[in-house]
Amino acid sequence: MSHARPTRPTHQTRPASPDAPPRLRSLLFAPAVRPELLAKMPATGADGIVIDCEDATPPNAKAEGRANAARLAPELAGPGCAVYVRVNAVPSEWFADDVAQGLCDALAGVVVPKLESLDQAGRVADALDAAGHAALPILAGLETALGVADARAVLGHPRIHAAYFGAEDFIADMGGVRTAQNQEVLYARSQVALAGRLAGVPVLDQVVTDFRNDLAFEAEVRDARALGYAGKLCIHPKQVALANAGFVPSDEEVEQARRLLAAYEEASARGVAAISFEGQMVDEPLAARARQTLAARGEESR
Ligand code: COA
Ligand code: MG
């Protein structure tokens, strides 16, 4: 399989869904009120694109935003480009109209920001059903103190097929300070990754607002991938290519994984489980990671 995410261990907390999790190395946002930007999104190579009716659409243009979303999503959807609409948060005055008027059958899912409880997720599912979108999955935004603290419960809702961590809203809710070092979000970022793992859904990492800074973006991709993230939210086309490349193991990693497994399996056949390999101790968990690396590139270890 060619999915970017490492193969999962078998102890899932929910029954395996018949639908494979979406492949979302990159999820590109653009404001619902900027049709000229929206039109450029499919050509960026993003795995998913989001027509944003929330933060990127001002309060006085919410009606225009949701009308654009409903009208333009079918034009933007195509093979290899999953289209999402981000509605406003459940408690907001716009949520009901967004669900009733902003969605359409062309969508791969609906992005719900600032999701905070299992009950709220249930209300989203009910609203989608009532609006005639019974099959539409939810991509959950965890980006408030409560949403992050209760991430495991929220992602337990079966309608959720992916989630993201939003650093800017989270730190705003905390009354903290955002820094380039990301120390202030490490706990929350880790918590959301853990919740995604337990729910069996891919998680997408925070936005890099400094969109001309490729080095910062690449560093965040490495950190996010190390924590178990499957992809990254993007706000600019140049971030898409960096995310698509960064969430797949490099050729070097694949070569190293192959060598490691060859040495490990040769030793295992001799009844040895811990070996010295290129200066490091290798045992089963390192072999498991190597197998995941090969699987993430669609290569079998044996
Ligand atoms: N989607 C598609 N195309 C985009 C894009 C996006 N999100 N952001 C920029 N582009 C296009 C521009 O239109 C421009 O196209 P051109 O070469 O045909 O002129 C090209 O990419 C380069 O853009 P650039 O000039 O570097 O950026 P900008 O100043 O036009 O826009 C932002 C910068 C931040 C305003 C814009 O990227 C944006 O609105 N991003 C999304 C913000 C958002 O949705 N936030 C909410 C979610 S967190
Ligand atoms: Mg936000």
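In this predicted model, Asp169 is partly exposed, with a relative accessible area of 22%. That value stays outside the buried class, because buried means under 20%. Asp55 is also partly exposed, at 49% relative accessible area. Its value falls short of the exposed class, because exposed means over 50%.

Both residues serve the metal site. Asp55 and Asp169 are the protein donors of the magnesium ion (ligand 2), each through OD. They lie 1.8 to 1.9 Å from the ion. Asp55 sits in the loop between strand 2 (48-52) and helix 2 (62-76), whereas Asp169 belongs to helix 7 (residues 167-174), so the pair ties together parts that are 114 residues apart in sequence. Water is not among the atoms, so the site may look incomplete.

The chain as a whole is divided in two. Domain 1 covers residues 26-246, and domain 2 covers residues 251-296. Their C-alpha centres lie 36 Å apart.

Strand 4 (residues 109-112) offers a clear view of strand pairing. On one side, three bridges join strand 4 to strand 3 (residues 82-86). These two strands run parallel. Tyr84 has Gly109 of strand 4 as its bridge partner. Strand 4 is also joined to strand 5 (residues 138-142), again by three bridges and in parallel. Here Val110 stands opposite Ile138 of strand 5.

Helices link these strands along the chain. Strand 3, helix 3 (residues 95-101) and strand 4 form a right-handed β-α-β unit. From strand 4 the chain then passes through helix 4 (residues 118-130) to reach strand 5. This β-α-β crossover is right-handed too.

The side chains of a regular strand alternate between the two faces of the sheet. In strand 4, Gly109 and Val111 point one way, while Val110 and Val112 point the other way. All four residues are buried. Gly109 and Val110 thus appear twice in this account: Gly109 is the bridge partner of Tyr84, and Val110 is the residue opposite Ile138.

Aromatic rings also take part in contacts. Two lysines lie over ring faces. Lys62 is placed over the face of Trp94, at 4.8 Å from the ring centre. Lys232 lies over the face of Phe217, at 5.5 Å from the ring centre. Both distances meet the cut-off, because a charge over a ring must be within 6 Å of the ring centre. As for contacts between rings, the count comes to one aromatic pair.

How values were computed:
Residues numbered from 1 in each chain as written. Chains lettered and ligands numbered in written order. Predicted model: local features only at pLDDT ≥ 70, side-chain atom pairs only at ≥ 80, totals over all residues. Heavy atoms only, no water. Domains from an automatic or database assignment. Buried < 20%, exposed > 50% of the residue type's maximum accessible area, 1.4 Å probe, protein only. Pairing = 2+ DSSP bridges. Right-handed = clockwise from strand over helix to strand, strands pointing away. Phe/Tyr/Trp six-rings, centres within 6.5 Å; stacked < 30°, edge-to-face > 60°. Lys NZ or Arg CZ within 6 Å of the ring centre and 35° of its normal. Donors = N, O, S within 2.8 Å, 3.2 Å for Na, K, Ca; no water.
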